[in-house]
Amino acid sequence: MLVPLTRQKLEQLIPLIATGPQYKHYWGKFSNFLQRLLISIVTIVAILLIRGVFGLDFGLIVFLFGVFGAFFWLWYPVLQASLRNAKSRRYKYGGFFRGRILDWWITDKLMGKQETVNSKGELVIVENREKRINIEVGDDTGFSIELEAPLKPFHKAIARGQIAEMIVLSNSADLSRIEEFSDVYIPSRDIWVSDYPVLRRDFFNEVSDRLREDRQDRPRRRRRSRE
């Protein structure tokens, strides 16, 4: 089932400014926080050197630059998430898709490499790998989408044949060509599968419930009896 959405509803589902879960996603690990904090410290030190050593003072400009630099560690995740949202919001059209899980499987993805030295002084390359879940969602028309996301403990409840819902995005008014899609929701288990939480999940649940109720309330066509 594919139901077109209005532009207003689409913009409600994909927020302009980062939400809490989106901010948390880009907050990252402790090492990411330390990197941002280091940039903030370097910025403040640079401003102090410019004012102290060179005697330059640009007044309000320096003050604003200093504030932005000092709180870089705090606002940068908001910027990252907002830019990610803008990438999804650039598509002109969107639709609500409801299908089923056709298949799922687990993969091991290389996330990066790190060089270190062992106790013998030998150079060792350590691979950082992450377990990922891959799911294929489709319907009776032959349309299907594959999504990859970090594996979570609650993903063990996922099974083939379960109903799965998502938002699909396109620049075609008839949604004949799907160019992007959101995280996947499995209503029977209240499970989200996502690499990044694109949607406002409270709004998405409202849309899902409304469409489910409309489908249940739709009168069935009566068959004509043969005379």
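This passage describes the overall build of a predicted protein model and then turns to one of its residues, Ser88.

The protein contains six helices and eight strands. Followed along the sequence, these elements come in the order β-α-α-α-α-α-β-β-β-β-β-β-β-α. The radius of gyration is 24 Å, well over the 17 Å that the globule rule gives for 227 residues, so the protein is more spread out than a compact globule. The C-alpha trace spans about 100 × 55 × 25 Å along its principal axes.

Next come the surface and the contacts. Of the 227 residues, 31% count as buried. The accessible surface amounts to about 15,500 Å², and carbon and sulfur atoms account for 56% of that area. As for charge, the protein carries 36 positive and 27 negative charges, and the mean positions of the two sets are 2 Å apart. Contacts also link distant parts of the sequence: among those between residues at least 6 apart, 66% join residues at least 24 apart.

Ser88 offers a friendly close-up. This residue lies in helix H5, which covers residues 72-89. Is Ser88 buried or exposed? With a relative accessible area of 10%, Ser88 is buried, because buried means under 20%. Leaving aside residues up to four places away in sequence, Ser88 touches Ile14, Leu169 and Val198. One of these partners, Val198, is 110 residues away from Ser88 along the chain, yet the C-alpha atoms of the two are separated by 8.2 Å.

How values were computed. Residues are numbered from 1 along each chain as its sequence is written. This is a predicted model: local features need pLDDT of at least 70, side-chain atom pairs count only at pLDDT 80 or more; totals for chains, interfaces and linings use all residues. Side-chain values use heavy atoms; hydrogens and water are left out. Helices (H or I, at least four residues) and strands (E, at least two) are DSSP runs, numbered from the N terminus. The radius of gyration is taken over C-alpha atoms; the globule rule is 2.2 Å times the number of residues to the power 0.38. Buried means under 20% relative accessible area, exposed over 50%, partly exposed in between (1.4 Å probe, protein chains only). Contact means heavy atoms within 4.5 Å. Accessible areas come from the Shrake-Rupley method with a 1.4 Å probe; for residues, only the protein chains shown count as cover. Lys and Arg count as positive and Asp and Glu as negative; His and the chain ends are not counted. The place of a charge is taken as NZ of Lys, CZ of Arg, CG of Asp or CD of Glu.
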